[in-house]
Amino acid sequence: MRYAVLSDIHGNLEALTAVLEACRAERVDRYLCLGDIVGYGAQPSACLERLAALEAVVVSGNHEQACLGMLDPGWFNEAARAAILWTREQLSFGDLDRLRRYPLTCMEEPFTLVHATLPRPERFDYLVELGQAVDTLTACRTLMCLAGHTHQACFVEFDRPARRVLRVLTAPEALREVAYEDEPVTRRYLLNPGSVGQPRDGDPRAGFAVVDTAQARLGVRRVPYDVAAAQRRIREAGLPPFLADRLAAGR
Ligand code: ZN
């Protein structure tokens with residue numbers, strides 16, 4: 001099976017459209033989405049619809065939780081808060097119903113999906129330290145944990161019995177083609193595919209990952225998209241201009 005792993009789409013339909021086109025070219029069989037489909041961008045409903053049409057497996061992100069009133073908007077910075085309040089107004093009852101059905105974690109063998117970290121997905125901690133990766137990999141009960149939230153791609157290989165980190169890959173060249181061992185007893189892997197709709201690693205192109213479970217190979221991809229069109233929609237919607245500006249910088 002070839003899986004596409006998408007995270008942090010953030011209402012950016014232009015980026016999502018480019019990514020889905022690339023996925024079709026790569027003959028992806030199934031779509032996995034790690035949350036934050038909405039928030040920041042100007043087309044939240046359209047992004048939710050596209051994922052529903054693909055029958056994607058989806059977990060909830062902090063922006064979904066905030067739109068549902070499960071997370072206090074005061075938890076967010078000013079631009080994010082403004083975007084959440086704007087997004088709430090845009091979503092239909094059907095959209096909100098969809099958001100309510102997304103769990104915080106889910107298992108789809110050999111994957112565990114979560115927006116941020118395990119074992120406390122509801123905290124939406126940013127995984128920035130290796131110790132957090134170890135906690136997540138220790139709590140993970142499948143071969144691979146898929147997590148987003150930081151908007152930066154990474155891959156961690158963990159020796160489960162020895163509780164030892166064997167590999168950490170963050171450089172784009174290193175992430176392009178990664179072989180892993182399908183050894184669910186001895187190995188655990190963490191994959192963050194980066195962000196579709198708001199990359200924050202200095203590269204404005206949309207990011208996602210493809211995992212080929214038959215070949216035990218994965219890769220992080222970047223595809224160009226119409227950034228100017230996404231920026232225009234954000235400005236026309238009256239969202240904070242900073243949210244448009246940052247797309248061009250990939251920050
Ligand atoms: Zn996000």
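**Exercise 1. Decide whether His 10 is buried or exposed, and then work out which atoms hold the zinc ion in this predicted model.**

Solution. Begin with the accessibility of the residue: His 10 has a relative accessible area of 1%, and because buried means under 20%, His 10 is buried. Next, look at the zinc ion itself, whose protein donors are Asp 8 (OD), His 10 (NE2), Asp 36 (OD) and His 151 (NE2), at 2.0 to 2.4 Å from the ion. Along the sequence these donor residues follow the spacing D-x1-H-x25-D-x114-H. Two of the donors connect distant parts of the chain, since His 10 sits in the loop between strand 1 (2–6) and helix 1 (13–25), whereas His 151 sits in the loop between strand 6 (144–147) and strand 7 (154–159), 141 residues apart. Finally, His 151 also counts as buried, with a relative accessibility of 3%.

**Exercise 2. Determine which geometry describes the site of the zinc ion, given the angles among its 4 donor atoms.**

Solution. The angles among the 4 donor atoms run from 85 to 176°. For a tetrahedral site, all angles would have to lie between 85 and 135 degrees, and the upper end of the range given here is 176°. The site of the zinc ion is classed as irregular.

**Exercise 3. Describe the open sheet of 6 strands, and explain which strands stand at the edges and what this leaves on one side of each.**

Solution. First write down the order of the strands, which is 4-5-6-10-7-8, with mixed pairing. Strand 4 (105–108) and strand 8 (164–169) stand at the edges, and because each has a single partner strand, one side of each is left without a neighbour in the sheet. On average, neighbouring strands of this sheet are turned by 20° against each other, with direction ignored. At one end of the order, strand 4 pairs with strand 5 (residues 111–114) in the antiparallel sense over 4 bridges, and in this pairing Cys 106 stands opposite Leu 113 in strand 5. As a last step, add the helix that lies across part of the sheet: helix 6 lies across strand 6, strand 7, strand 8 and strand 10 (187–192), and runs at about 120° to strand 10.

**Exercise 4. Locate Ala 139 in the chain and state which residues it touches, not counting residues up to four places away in sequence.**

Solution. Ala 139 belongs to helix 6, which covers residues 130–139. With a relative accessible area of 31%, Ala 139 is partly exposed. The residues that Ala 139 touches, beyond those up to four places away in sequence, are Leu 118 and Pro 119.

**Exercise 5. Classify the aromatic pair formed by Phe 155 and Tyr 189, and explain what this pair ties together.**

Solution. A search of the whole structure finds 4 aromatic pairs. In the pair of Phe 155 and Tyr 189, the centres are 5.6 Å apart and the planes enclose 20°; because planes under 30 degrees apart count as stacked, this pair is stacked. Phe 155 lies in strand 7 and Tyr 189 in strand 10, so the pair ties together parts that are 34 residues apart in sequence. Both of these residues, Phe 155 and Tyr 189, are buried. Ring pairs also bring in Tyr 180, so that Phe 155, Tyr 180 and Tyr 189 are linked into a cluster. Among the contacts of Leu 218, which lies in strand 12 (residues 217–223), are Phe 155 and Tyr 180.

Conventions: Residues numbered from 1 in each chain as written. Predicted model: local features only at pLDDT ≥ 70, side-chain atom pairs only at ≥ 80, totals over all residues. Heavy atoms only, no water. Buried < 20%, exposed > 50% of the residue type's maximum accessible area, 1.4 Å probe, protein only. Contact = heavy atoms within 4.5 Å. Donors = N, O, S within 2.8 Å, 3.2 Å for Na, K, Ca; no water. Tetrahedral: all angles 85-135°; square planar, octahedral: opposite > 155°, others 65-115°. Pairing = 2+ DSSP bridges. Axes fitted to C-alpha atoms, helices over the stretch in contact; angles between N-to-C directions. Phe/Tyr/Trp six-rings, centres within 6.5 Å; stacked < 30°, edge-to-face > 60°.
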